[in-house]
Amino acid sequence: MRAIWAAALLFAFTGAASAQVSDATRASNAAFAQTLPWADREDEDFAARGFAAAYDQQQIRTADGSRVVWDFSAYNFLQGPAPETVNPSLWRHAQLLARAGLFRVTDRVYQIRGFDVSNMTIIVGDTGLIVVDPLSSAETAAAGLALARRTLGDKPVVAVIYTHSHLDHFGGVRGVVPNPAGVEIIAPDHFMEHAVTENVIAGNAMSRRAQYQFGTGLPPGPEGQMTSGIGIAVSSGTFTLIPPTRSITHTGETLTIDGVRIEFQLTPDTEAPAEMNFLFPDFGVLLIAENATASMHNILTPRGALVRDAKAWADYLTEVLRLYGDRTQVMVNSHAWPRFGGDRVRDFIASHRDAYKYLHDQTVRLMNAGYTDREIAEQVRLPASLSARWFNHGYYGTMMHNSRAVYQRYMGWYDANPANLNPLPPAEEGVRFVRAMGGEDRVLAEGQRAFDEGDYRWAARVLNNLVFANPNNTAARQLLARTHRQMAYQSESAIWRNMYLSAARELDQGPPQRSLPTQSADLVGATPTSYILDLLSVRLNPERLGDRQYAFNLVFPERNERFAVTIRNGVLVYERDQTVDGPTITSPRAVFLQAMATQSMARAVLSGQIRIQGGRRSLEGLGEVFDNPDPNFPIVTP
Ligand SMILES: [Zn+2]
């Protein structure tokens, strides 16, 4: 796999990436613009309202100044009408998302927006500040709080609320709470387990795929990354986590924090497995977390995740209307801009709810009529009454991939047609496809014909077969890259655009050479040991293990944990609080993890950091049986 790559790379740089916009793309974007509700300027009003102050520097850096984690000037290109390389609806959306600064929502409620992919909401209590969702990185959160304090005064942070278990809503917490003593940290029930575990077991595949979804390798620009659809981009600073001191366990629970009354609605298994909305009844402000933003959200996020429940999502929006609708004057959320006016908020939530309900119900109706996922994706479109609203558009999730997610939730990947039950893997099918078409030149000619006609979806299928049959075919790679770029330029969804452009870039240049992102000490420290042993289990390589067997005890004294571990039949099995007949490995957990991650177990044993008692020789070769997966594995080539 690697060798083929290196050969292909030699040729790749001979064909420079071109930003040429085809007539078909030009026509598509022009036609798309005709369908958009330009007269509706409500979002422009809402996104600008209450602007209080901008940050006084262009960049936010790490504490030691060595690295930029956020650059306010990166999106300065978002001026004027849409260029030909950007879908006009996405261009408008990006312009609105890029507004950065401190915004006054009401007398007591402020927001930091445009400092990260998410928003930080700040409530002015009787004596201090309550921070909701402290962004992704400690650096951006600290900068946002510093800006807010210039307006609000140098008040202490008395409480933090996490709306849900995704990193962009808690990762910056140590930036606003350097010293957690006495600070109340409030989160929905089961927050910790989901915050630390959602990305563990499939983490490598998810982060590689997330590079595509968020376009992390793409420079922002008219030919590059164009936001992530729900916010600009995820900042790249220090990810932190302080565990909650209080869990919200049921809808209807109320709290008074620093004189501010809060009523909670739990919304588990919507946008996140642990999530909640809440009302500040004294201010008439509803904080709706990430359950309703300025875009259709993902029912199945393309980076990979467990599929979400569109029906439950709609049902909780119905409930929030009943619980808080008539007491709400302003709605804020954790991405994008607020909505002002009780009638407008209620109208927004009802319309947005209907979009998810329509997506779910019509997908299931067609499924029961015998249509399969690709056929459903081709025909489920929101009715005009819903698609005429900007906030129901697919800047993040789309009707296309969300309808397939609904299908997957009920039916799985199989469409019931046995011709699709056991297809050949891509490279093998590619070889046969090329042979059936009469050779590589014929396939390339068909790809070119489809490209010239603007039939990009077919061109991509044809050329993908050729690239998987022969990744050294440079002409095929370049034409496929050009095809992906045209589809990117037409995409209303920011993440579809990011995925197409990432594919094009890697077809031209190969996968990135980035090193692994630094681990968050807080997140690793908070991960239960059982999840770490699960991760070890899925890294076991049966070929390297061969017919060897291991049995040992693992003891982490500082956590009072012990596990019996056996490895045989290509499987690692562990049991808590059990003992097996074999040596005992005793170590601080952090040292053990570090040694496993860096394959330096032998060194750690020699240095005495890890102690082994009894039958050390029976552990020989143990360090070699686990994979260290490639963080930049190939996606668009075999
Ligand atoms: Zn988020």
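**Figure 1. Separation of domain 1 and domain 2 in the predicted model.** The centres of domain 1 and domain 2, taken over C-alpha atoms, are separated by 40 Å. Domain 1 covers residues 42-410 of the protein chain, and domain 2 covers residues 528-624. The coordinates shown here and in the views below belong to a predicted model.

**Figure 2. The largest nonpolar core and a second, separate core.** The largest nonpolar core holds 148 residues. Within this core, I130, V131, V160, V176 and L463 touch the most other members. Leaving aside neighbours within four places in sequence, the contacts of L463 are G447, A476, L479, L480 and T483. A second core, separate from this one, consists of nine residues, among them F552, I585, V625 and F626.

**Figure 3. Strand β7 and its two partner strands, β6 and β8.** Strand β7 spans residues 129-132, and all of L129, I130, V131 and V132 are buried. L129 and V131 point one way from the strand, while I130 and V132 point the other way. In a regular strand, side chains alternate between the two faces of the sheet. With β6 (residues 120-124), strand β7 pairs in the antiparallel sense over four bridges. I122 has V131 of β7 as its bridge partner, and a hairpin of four residues joins β6 to β7. With β8 (residues 157-161), strand β7 runs parallel, again joined by four bridges. On this side, L129 has V157 of β8 as its bridge partner. From β7 the chain passes through helix α5 (residues 138-152) to β8, in a right-handed β-α-β crossover.

**Figure 4. T127 in the loop between β6 and β7.** T127 counts as exposed because 10 C-beta neighbours lie inside 10 Å, and the cut-off for an exposed residue is 12 or fewer. Not counting residues up to four places away in sequence, T127 touches V158 and D258. T127 and I349 are 222 residues apart in sequence, and their C-alpha atoms are 33 Å apart in space.

**Figure 5. F72 in the loop between β3 and α4.** The loop holding F72 runs between β3 (68-71) and α4 (88-97). F72 is partly exposed because 19 other C-beta atoms lie within 10 Å, and 20 or more are needed for a residue to be buried. Apart from neighbours within four places in sequence, F72 is in contact with Y55, Q58, Q59 and A100. In sequence F72 and N277 are 205 residues apart, and from C-alpha to C-alpha they are 30 Å apart in space.

**Figure 6. Strand β12 between its pairings with β11 and β13.** Strand β12 (residues 260-266) is largely enclosed by the rest of the structure, because five of its seven residues are buried. Strand β11 (residues 254-257) pairs with β12 in the antiparallel sense over four bridges, and T254 stands opposite E263 of β12. The hairpin of β11 and β12 has two residues between the strands, and D258 in this hairpin takes a positive phi near 50°. Strand β13 (residues 276-280) is also antiparallel to β12 and joined to it by four bridges. Across this second pairing, L279 in β13 is the bridge partner of E263.

**Figure 7. Positive phi at two loop alanines, A289 and A336.** Most residues other than glycine have a negative phi. A289 has a positive phi, near 50°, and lies in the loop between β14 (285-287) and α9 (310-324). A289 counts as buried because 29 C-beta neighbours lie inside 10 Å. A336, which is not a glycine, has a positive phi of about 65°. Its loop runs between β15 (330-332) and β16 (339-340). A336 counts as buried because it has 26 C-beta neighbours inside 10 Å.

**Figure 8. Helix α18 and the glycine just after it.** Helix α18 consists of 16 residues, 494-509. At 1.5 Å a residue the helix should span 22 Å, and its end C-alpha atoms are 22 Å apart, so the two values agree. Because 15 of the 16 residues are buried, α18 is largely enclosed by the rest of the structure. Just after α18, G510 takes a positive phi of about 85°.

Note on methods
Residues are numbered from 1 along each chain as its sequence is written. This is a predicted model: local features need pLDDT of at least 70, side-chain atom pairs count only at pLDDT 80 or more; totals for chains, interfaces and linings use all residues. A nonpolar core is a set of buried Ala, Val, Leu, Ile, Met, Phe, Trp, Tyr and Cys residues joined through C-beta atoms within 7 Å. Two residues are in contact if their C-beta atoms, placed from the backbone, lie within 7 Å. Two strands pair if DSSP finds at least two bridges between them. A crossover is right-handed if, with the strands pointing away from the viewer, the path from the first strand over the helix to the second runs clockwise. Domain bounds come from an automatic or database domain assignment. The expected span of a helix is 1.5 Å times one less than its number of residues.
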